[in-house]
Amino acid sequence: MSSSPSTTAPPFDGPHFPRITFSDQVEAQHRLLTRQWGIESIELVLGSSMGAAQTYQWAVSHPEMVRRAAPIVGSSRTSEHNQVFLTSLRATLTLDPAFRGGEYSPDARPTAGMRAFARIYAGWGLSQAFYWEREYRTMGYSSLEDFLVGFWEGFWLDRDRDRDNLLAMLWTWEHGDVGRTPGFDGDTGAALRSIRCPVVAMPARTDLYFPPEDEQWASQFIERGEVRVIDTTWGHFGGLGLNPADNAVVDRTLRELLDRPA
């Protein structure tokens, strides 16, 4: 189990949990692989969404270990447009009167804020085309409201997500930037130029968080960088494993990358 606001003992529990960067996360993973298991080389680092940010971070922080990298529907730097989304999520949770600065009672969780959180996510996680074509019906939902309640509210409310955990992850996502890696002084381009391995980024064409343009911008700095766009109406979820057609594209690309000499 990872360390988080909900699993950490006082005085660093809940809203007192320290700020964690992608660089911090990768360093913890690096220690596990090298000190615990003695692993010296990684054939492929990959991840989607925030895992994609960690993938870029691995390639920057430990180029001596990473032989190939495949960030899926994620980015090396969180854009300002993405930050707009994240600040709206934070507001929905923290403005709920029951939130109480993160010191909420387990018996009186800020449910209203979480329900608004879910509704905001519904408009960003999937594309306009997904809703226009009513793709949610292929998932077994009979109407838009059925989908919003059953899928989105169910995803966040029924699983009883810890609010302080979510806010901690929001902060990490919001401050994502490989340029903040020690030694690069905030220069994202320089950090990306330091990557030695082949990098195949897979953004989704309709992703509102991480549009293909973001990855095309990053790829120009990576000597062996490439962008393969997932042509999907599923937005960000095109890289999260829900749509079989998109999964096939990702799987095929990963097989091709693993077949390449590193």
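What follows is a short chat about reading some features of this predicted model.

Me: Let's start with helix packing. At what angle do α4 and α7 pack?

Reply: To describe a packed pair, you look at the angle between the helix axes and the distance separating them. Here α4 covers residues 111-125 and α7 covers residues 163-174. They pack at about 40°, and their axes are 12 Å apart. That angle makes α4 oblique to α7.

Me: And which hand does the crossing of α4 and α7 have?

Reply: α4 passes α7 in a left-handed crossing.

Me: Which residues in α4 and α7 meet?

Reply: On the α4 side you'll find T111, M114, F117 and Y121. On the α7 side, look for R163, L166, L170 and W173. Sorted by class, this contact has six nonpolar residues, one polar and one charged.

Me: How does α4 cross α6?

Reply: You read this pair by angle and distance too. The axes of α4 and α6 come within 9 Å and cross at roughly 120°, so the two helices are oblique to each other. This time the crossing is right-handed.

Me: Which residues of α4 and α6 touch?

Reply: From α4, the list is T111, M114, R115, F117, A118, R119, Y121, A122 and G125. They meet E145, L148, V149, W152, E153, W156 and L157 in α6. By class, those residues divide into ten nonpolar, two polar and four charged. Notice that T111, M114, F117 and Y121 appear here and also in the α7 contact.

Me: Let's zoom in on W173. Is W173 buried or exposed?

Reply: For this you check relative accessibility, and under 20% means buried. W173 has 5%, so it counts as buried. You'll find W173 in helix α7.

Me: Which residues is W173 in contact with?

Reply: If you skip the neighbours within four places in sequence, W173 is in contact with F22, M50, T78, N82, F85, L86, Y121, Y209 and F210. Y121 is the one we met in α4.

Me: How far is W173 from I195?

Reply: You can count along the chain or go through space. W173 and I195 are 22 residues apart along the chain, and their C-alpha atoms are separated by 21 Å.

Me: What about aromatic rings: how many aromatic pairs does the structure hold?

Reply: There are 29 aromatic pairs. To read one, take the distance between ring centres and the angle between the planes. Y141 and F147 are one example: 5.3 Å centre to centre and 65° between the planes. That pair is edge-to-face, and both residues are buried.

Me: Now the backbone. Is the peptide bond from P10 to P11 cis or trans?

Reply: The angle to look at is omega. For the bond from P10 to P11, omega is near 10°, and the bond is cis. P11 lies in the segment before α1, the helix at 22-36.

Me: Which residue between α5 and α6 should I check for its phi?

Reply: Try R134, which has a positive phi of about 50° although it is not a glycine. R134 sits in the loop between α5 (128-132) and α6 (144-158). With a relative accessible area of 45%, R134 is partly exposed.

Me: Where is D185, and what is its phi?

Reply: D185 is in the loop between α7 and α8, with α8 at 188-193. D185 has a positive phi of about 50° too, although it is not a glycine. Its relative accessibility is 78%, so D185 counts as exposed.

Conventions
Residues are numbered from 1 along each chain as its sequence is written. This is a predicted model: local features need pLDDT of at least 70, side-chain atom pairs count only at pLDDT 80 or more; totals for chains, interfaces and linings use all residues. Side-chain values use heavy atoms; hydrogens and water are left out. Axes are lines fitted to C-alpha atoms, for helices over the stretch in contact, and angles run from 0 to 180 degrees between N-to-C directions. Helices (H or I, at least four residues) and strands (E, at least two) are DSSP runs, numbered from the N terminus. Angles under 35 degrees count as roughly parallel, over 145 as roughly antiparallel, 65 to 115 as roughly perpendicular and the rest as oblique. A crossing is left-handed if the near helix is turned anticlockwise from the far one by less than a right angle, and right-handed if clockwise. Contact means heavy atoms within 4.5 Å. Ala, Val, Leu, Ile, Met, Phe, Trp, Tyr, Cys and Pro count as nonpolar, Asp, Glu, Lys and Arg as charged, and the others, Gly among them, as polar. Buried means under 20% relative accessible area, exposed over 50%, partly exposed in between (1.4 Å probe, protein chains only). Rings of Phe, Tyr and Trp (its six-membered ring) pair if their centres lie within 6.5 Å; planes under 30 degrees apart count as stacked, over 60 as edge-to-face and the rest as tilted.
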